[in-house]
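Biologist: I would like to learn how to read a model of this kind, feature by feature, with the general idea before the particular case. Could we go through it together?

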Amino acid sequence: MSMNISIIRRIGMVAAAASMSIALAACAPDNSSSNGAQDTNANGSSASDSSDSASSGEVNEEGTIRAAISYELGTNGYDPMTTTAALTVAANWHTLEGLTELDQTDGTTYAALASELPDSGDSTEATVQLREGAKFSNGSDITADDVVFSFERVMDESNESLYASFIDFIDSVEKVDDTSVKFTLKHPTGVLAERLSTVKIVPKDVVEEDPKAFDNNPVGSGPYVMTDNGGATNTIKFERNEHYNGDRPARSAKMEWDIIPDASTRINALQSQQVQAIDAVPYLNVDTVAATNELESEQGFGLLFSMFNNDPSNQFSNKDARQAFLYAIDMDKVIENAMQGQATAAKSFLDTEHPNFHEAANVYEHDTAKAKELFEKAGVSKLRLLATDHDWVKLVSPIVQESLKEAGVEVEFTEKKSSDVYNTIDGKPEAYDVVLAPGDPSVFGNDPNLLMRWWYGNDTWTQTRMHWNDEGYEKIQDLLDKGLQETDEAKQQEIWNETFDVLSDEVPLYPLFHRKSPSAWDNNTLVDFEPIPVTGLYFLGAGTTEK
């Protein structure tokens, strides 16, 4: 058994609970609105010149950025140790910092509270120096004690933090002096800098004094400070953090995010100029919105997956049956008709725009004859298909069923809410054959190991849901460990490529397509705003021309 699996198993049930929140982050826009008639460019941007999507206006440093965001506030607050809800995670991008951070526009890692990007190389130790003069938004100095506290509370198993699974290669964090800390690792790794971004540095004294108050309104070191958490007003408000001394200062004095889950209301707010930007434009409304505002659909990792019941008692424990399912689906029809072109058929586990993309050994292009052959070989003539009830999944499911019937398979179809889907199948190998559901762990990080481990590296998914525990499972665990521990980038990519190839053959759970994320904004008043390929809105580096 691989060395990291026992740790991941310990947090397996935490991941199960968190998967309900990440389902929100994985949701695509509501497709219930009507389609327009305007044309958009191939990338989903508006018909106006999109080569320069930023306004050329002068930034008003005392202005207010106004936005509408699509997701509910959630129930677990803003504490970065526990929150996984899409809205609170997006808010925390602006108010909190890790030692490193991910630029959400392109997925690159940059030094935030660290003075420079750490690199442990082939060593099991790394010393990190804090940014000189860094302070929290309450004016207190950020010290090594705060850093040690922030990591230890995430690593403490009793706190059941999802984020512990992302840094399970860290053995200890020690104070060197007031402004530097030393990380001792269980083994060398090539993803240290990226993974440090998953832990946000918080003030030890503030958290210990009143954890609930901190959860309601956290104190951080980001460019903004939150002044209204939106719980009572449905508007999250921010002001410039006057104590911020990093490289990405706030370019507006304030921000206001209206929480508007209803797509039509959100679009109206943009078109009436009540707000300057919205996320999650419904796929059916992309053309209409693009006719009056700047709009871009960013290709992201977010996917729709098919998960198979690999229990020995189930017909889909036969790999031929799993592959037959994938060959059967008319993906061109799914993407054109159900997704309005706002997705890309899977050619690997990663999306084609990912910097580590490698076309997998097996690419499942539509082939009804091959699907029939493999279904017959596996003895499959009927299957139970269980799908989530997201609006866009509702549009995909009928085409999937139609494709399967053309391949000679009778489909017993059931649709449920995400939470009900997992309540139905968890620990019950008799409950299903195939599940269709969305997912997107890329809100937590972009390195391939993190993305693969979300599904293939913990028992909640592999054992409780997929019931996957054969030779293919063992091979994937070994490859995941090797990729995590390899420090040479070229060799690491080779290991990941092999992992992608094995996954494309085993397909215990596999993407059907990767979605695009349409965002729209007022290009006349927002300056240097860039859309992102994950859930939420990102205003670091952006400004406004308005008051």
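Biologist: Let me start with a single residue: does Asp528 count as buried, partly exposed or exposed?

Modeller: Asp528 counts as partly exposed, because its relative accessibility is 36% and that class lies between the limits of 20% and 50%. Please keep in mind throughout that this is a predicted model. Asp528 sits in the loop between strand E17 (526-527) and strand E18 (543-544), and its phi is positive, about 60°, although it is not a glycine.

Biologist: Why is a positive phi worth a remark?

Modeller: The general idea is that most residues other than glycine have a negative phi. In this chain, Val507 is another non-glycine residue with a positive phi, in this case about 40°. Val507 lies in the loop between helix H18 (489-506) and strand E16 (509-521), and with a relative accessible area of 0% it is buried, whereas Asp528 is partly exposed.

Biologist: Before we go on to other residues, what does the chain look like as a whole, and how many helices and strands does it have?

Modeller: The chain has 18 helices and 18 strands. Of its 547 residues, 60% are buried, and the accessible surface comes to about 20400 Å², with 42% of that area belonging to carbon and sulfur atoms. If one takes the contacts with a separation of 6 or more, 74% of them are between residues 24 or more positions apart.

Biologist: Where can I look at such a long-range approach in detail, and how many residues lie between the positions of Ser306 and Pro511 in sequence?

Modeller: Ser306 and Pro511 are 205 residues apart in sequence, yet their C-alpha atoms are 6.4 Å apart in space. Ser306 belongs to strand E11 (residues 294-308) and is buried, with a relative accessible area of 0%. Beyond its neighbours within four places in sequence, Ser306 is in contact with residues including Phe325, Leu326, Val434, Val435 and Leu436, and also with Pro508, Leu509, Tyr510 and Leu512.

A second case is Phe136, in the loop between strand E4 (125-129) and helix H4 (144-155), which is buried at 0% relative accessibility. Its C-alpha atom is separated by 4.5 Å from that of Ser221, 85 residues away along the chain. The residues that Phe136 touches, not counting those up to four places away in sequence, include Ile201, Val202, Pro203, Val219, Gly220, Ser221 and His243.

Biologist: How should I read a helix, and which residues of helix H8 (residues 263-271) are buried?

Modeller: In general, an α-helix has 3.6 residues a turn, so residues three or four places apart point the same way. In H8 the buried residues are Ala263, Arg266, Ile267, Ala269 and Leu270. They are on the same side of H8, because the arc that they cover around the axis is only 155°. Their cover includes strand E1 (64-69), strand E10 (277-278), helix H9 (286-290) and E16. At the N-terminal end, Asp262 caps H8 through a side-chain oxygen that lies 3.4 Å from the backbone nitrogen of Ser264, and just after H8 comes Gln273 with a positive phi of about 65°.

Biologist: And for paired strands, in what sense do E13 (residues 382-388) and E14 (residues 410-416) pair, parallel or antiparallel?

Modeller: E13 and E14 pair in the parallel sense, over seven bridges. Between them the chain passes through helix H13 (residues 391-406), and this β-α-β crossover is right-handed. Within the pair, Leu383 has Val411 in E14 as its bridge partner. E13 also holds Thr388, which is buried at 1% relative accessible area and whose side chain makes a polar contact of 2.8 Å with that of His390.

For the antiparallel sense, look at strand E7 (residues 224-229) and strand E8 (residues 235-240), which are joined by five bridges. Their hairpin has five residues between the strands, among them Gly230 with a positive phi near 80°. E8 is also joined antiparallel to strand E9 (residues 254-259), by five bridges.

Biologist: Which residue can I follow across these strands, beginning with the one that Asp228 stands opposite in E8?

Modeller: Asp228 stands opposite Lys237 in E8, and Lys237 in turn has Glu256 in E9 as its bridge partner.

Notes
Residues are numbered from 1 along each chain as its sequence is written. This is a predicted model: local features need pLDDT of at least 70, side-chain atom pairs count only at pLDDT 80 or more; totals for chains, interfaces and linings use all residues. Side-chain values use heavy atoms; hydrogens and water are left out. Helices (H or I, at least four residues) and strands (E, at least two) are DSSP runs, numbered from the N terminus. Buried means under 20% relative accessible area, exposed over 50%, partly exposed in between (1.4 Å probe, protein chains only). Contact means heavy atoms within 4.5 Å. Accessible areas come from the Shrake-Rupley method with a 1.4 Å probe; for residues, only the protein chains shown count as cover. Two strands pair if DSSP finds at least two bridges between them. A crossover is right-handed if, with the strands pointing away from the viewer, the path from the first strand over the helix to the second runs clockwise. The arc is that of the directions from the helix axis to the C-beta atoms. A polar contact is a pair of N or O atoms within 3.5 Å; within protein, one must be able to donate a hydrogen and the other to accept it, and residues adjacent in sequence count only if both atoms are side-chain atoms.
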